[in-house]
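Q: Hey, can you walk me through this one? I'd like to start with who touches whom.
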Amino acid sequence: MSLNTTLEIDIVTALSSKIDTVDFENLAFGNVFTDHMLQCDFKDNAWQKPIIKPYEPFMIDPSAKVFHYGQAIFEGMKAYKDENDEVWLFRPDENFHRFNNSAKRMAMPEVPESVFIEGLKTILNIEKNWVKKGLGNTLYIRPFMIAIGAGVIAQPSTQYRFMIILSPAKSYYSGEVKVIIAEHFSRAANGGIGAAKAAGNYSAQFYPTKLANEKGFQQIIWTDDATHTKLEEAGTMNVFFRINDTLITAPTSERILDGVTRKSLIDIAKKEGISVEIRSLLVHELVNASKDGSLKEIFGAGTAAVVNPIVGFSFQDVYYELPKIQNSFAQNLKEKLTNIQYKIADDTFGWTVKI
């Protein structure tokens, strides 16, 4: 390895790259990682100097609080390469602010902008060859923070580790997606941590999703914890419903994540003259709309999948098939969003950031 030091970040470069061993045409999401990772520790009540070094396992005390009390948060972002071989980020400021909102909710220290944003730009410059051109090709970015302080007393840690790892990616989901509407399990509750990207939110979904999978459904549309009458999120994504020519999506709250893709699609839809209602859609409204033919589309929205159409839903053991339609809002909005991300269309919103 060669060691270079910048004013802000120590950089230890790998002796060789594994990029030539990767089949970029056949990538399983989140299984392959680039040559380097960023690490920055918090101790003695201060953030230490960040380091970018070869991707590798690291040792941690068995009593680290992340294992016992679940202090762990993360973000999901992507880098894109345009036809001029320039690398771009999409609304990284939104991810940065949401990350620190999650940190506050989990009693963790906020990460300085210089560490998060400048560290991200630095590691992306090092790993820019991992970002491939072409629609559908991205470099998935996973910033995360865990509590590494030792001790099993039930209180917040005094030491933390912030990291950024990178994974080349293609489409997250493939094939048709059918969902089941939750009648018992909840993703989050009022007063809880549903609005934070906390690791525990996702592990709590695994069991009910496993039950849905066993019934032949790929995901769950979550409902509110109190009444199970309000439709909230789909799997790990925000969810949109098209009734006639109006898009409906739930408002963000303590239970619902403030998705970057969600808010971007809302802005694009409004610009395109599509009627958008940000309100709670009730389960009985959805069922009635399906029965009378006014329900045209349901689709999830998130960083990994971008837009994921849903072909049907089940409620109380009755399956409702969605129609196959022309002029799909899901497809049109996805195309307009990805065209901005890949710099195929002008970014009139000012969302993209050049690396």
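A: Sure. Contact here means heavy atoms within 4.5 Å. One heads-up: this is a predicted model, where local features need pLDDT of at least 70, side-chain atom pairs count only at pLDDT 80 or more, and totals for chains, interfaces and linings use all residues. Residues are numbered from 1 along each chain as its sequence is written, and side-chain values use heavy atoms, with hydrogens and water left out.

Q: OK, so what does Met145 touch, leaving out residues up to four places away in sequence?
A: Its contacts include Trp47, Ile73, Phe99, Pro109, Tyr160 and Phe162.

Q: Which residues have the most contacts inside the largest nonpolar core?
A: Ile141, Met145 and Phe162, in a core of 40 residues. A nonpolar core is a set of buried Ala, Val, Leu, Ile, Met, Phe, Trp, Tyr and Cys residues joined through side-chain atoms within 4.5 Å. Buried means under 20% relative accessible area, exposed over 50%, and partly exposed in between (1.4 Å probe, protein chains only).

Q: And which element gives the most to this core?
A: H3, with six residues. Helices (H or I, at least four residues) and strands (E, at least two) are DSSP runs, numbered from the N terminus.

Q: New topic: what's the phi of Asp85?
A: About 65°, so positive, although Asp85 isn't a glycine. Most residues other than glycine have a negative phi.

Q: Where does Asp85 lie?
A: In the loop between strands E7 (77–81) and E8 (87–90). Asp85 is partly exposed, because its relative accessibility is 47%.

Q: What about His228, buried or exposed?
A: Buried, because its relative accessible area is 18%. His228 also has a positive phi, about 55°, and is found in the loop between strands E12 (219–223) and E13 (230–234).
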